[in-house]
Amino acid sequence: MFDRLSSLVIALTMIVIAAIFAALTGGDLLAIAIMAIAGFVGAGIIYSALPSAPPDRPGAPQPPAETTPASLLRHPDFAHWVDQEKEPLLGTADNIVTIANDAAVRLLGRHIVGADLRTAIRHPAATDWLARIQGDTPLEPVNLFDFPRPGQRWTMRIAALSGSENIIFLSDRSAIDAADRMRSDFVANASHELRTPLAAILGYVETLQEMNGETDAPTRDRFLSIIEREARRMQQLVIDLLSISRVEADRFRRPTARVDLAAIVRTAIGQLSDSEPSRAKDLVAKLGDITQPMLGDEAQLSQLAHNIISNAMKYGHAGTPVTVELAREGNRVRLLVRDQGDGIAPDHLPRLTERFYRVDEARSRSVGGTGLGLAIVKHIGERHQGQLDIDSEVGKGTQVSVTFPLLLDH
């Protein structure tokens, strides 16, 4: 098959050759016939070079016709994806909610489907933000403070689709704000707790310096004992801060060492008896003779037992028993410590494991408490898959218990 230009050149060449041949022969009938035949052949060659439209074949793909884009919000795969999303998600068309996943229904109510988006999300910042959806400028995420309840914060962002359709994403930021507040409170409380004994130490040191040795021995000894007490209190606070930091750093690593909880508690009782001789006789141990094997961090479990028992010794009335028990409950073991003190009012119980929280701040300081003891107990218990329970009755005393899973031999 020749292209058009080549066919034309060949046809003209043949006609010219035929004309020359006819002139040489004197223009007889044979020459004329040869010229006619050459012309027909040239025309045929040119015709054969013309492109022909391919015949339609059954099932051959046809060129797509221009159609309106299908709606993503009505696609079944989109609805399936929406149902799998854990955070609230809304699909809107002309600001009307056409689809909402389960999380959005739980947050805003089932009535939102078919409702105007501005009535579905009732918040001043959201209303102003939604009024600018139709603009060409992309919208930045907006914060919804105190939504849907006071103290909570959600963020809202938009993904624009074709036409007037949009996807609205809602994300809960309340936990992040709470963590930020806890960090800020922790730094502020730690600074305050350290500043108080430090101020007392500096004040008494300056007083001693101003006296230039003129003070009498009893006064000097009293000042020095106060300085020592405040320094030890500050030292204990630093130790507790380091302890809670280490426990939090390890909270996602499960202990793998085999330990005997009974031996750990028995050692803690002996150490506290030596350090608190005035209350040693009040300690009543009911640990039994059998071992209580479990997977644990021996140092942390020793600190847990020490904190719970020492709290009972500090806040229980002198001369009343401080009972320490170990008892098996199925596949778990319970460490229980009971004192006979003033007890704690019910409204304080939920906050006892908060850092630096004290029921009676003056009394806690007088007995050397840092406000971190039960917070450390809570974190150690959580790392060891333990369950902490605190029961108290005003005027009768307090009972603190922690249950741990046992390591049972098969």
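Look at helix α10 and you'll find a run of buried residues (buried means under 20% relative accessible area, exposed over 50% and partly exposed in between, with a 1.4 Å probe and protein chains only). Among them are Gln300, Leu301, Leu304, Ile308, Ile309 and Met313. This is a predicted model, where local features need pLDDT of at least 70, side-chain atom pairs count only at pLDDT 80 or more, and totals for chains, interfaces and linings use all residues. Residues are numbered from 1 along each chain as its sequence is written, and side-chain values use heavy atoms, with hydrogens and water left out.

Helices (H or I, at least four residues) and strands (E, at least two) are DSSP runs, numbered from the N terminus. How far apart are the end C-alpha atoms of α10? They are 26 Å apart, which agrees with the 26 Å that its 18 residues (298-315) should span at 1.5 Å a residue; the expected span is 1.5 Å times one less than the number of residues. At the start of α10, a side-chain oxygen of Asp297 comes to within 3.1 Å of the backbone nitrogen of Ala299.

Now for two strand residues.

| Residue | Strand | Relative accessible area |
|---|---|---|
| Ser171 | β5 (residues 165-172) | 7%, buried |
| Ala160 | β4 (residues 153-160) | 66%, exposed |

Leaving out residues up to four places away in sequence, Ser171 touches Glu87, Arg153, Trp154 and Thr155, where contact means heavy atoms within 4.5 Å. With the same kind of neighbours left out, Ala160 touches Glu165 and Asn166. Ala160 and Thr92 are 68 residues apart in sequence, and their C-alpha atoms are 9.8 Å apart in space.

Notes
Polar contact = N/O pair within 3.5 Å; in protein donor to acceptor, adjacent residues only side chain to side chain.
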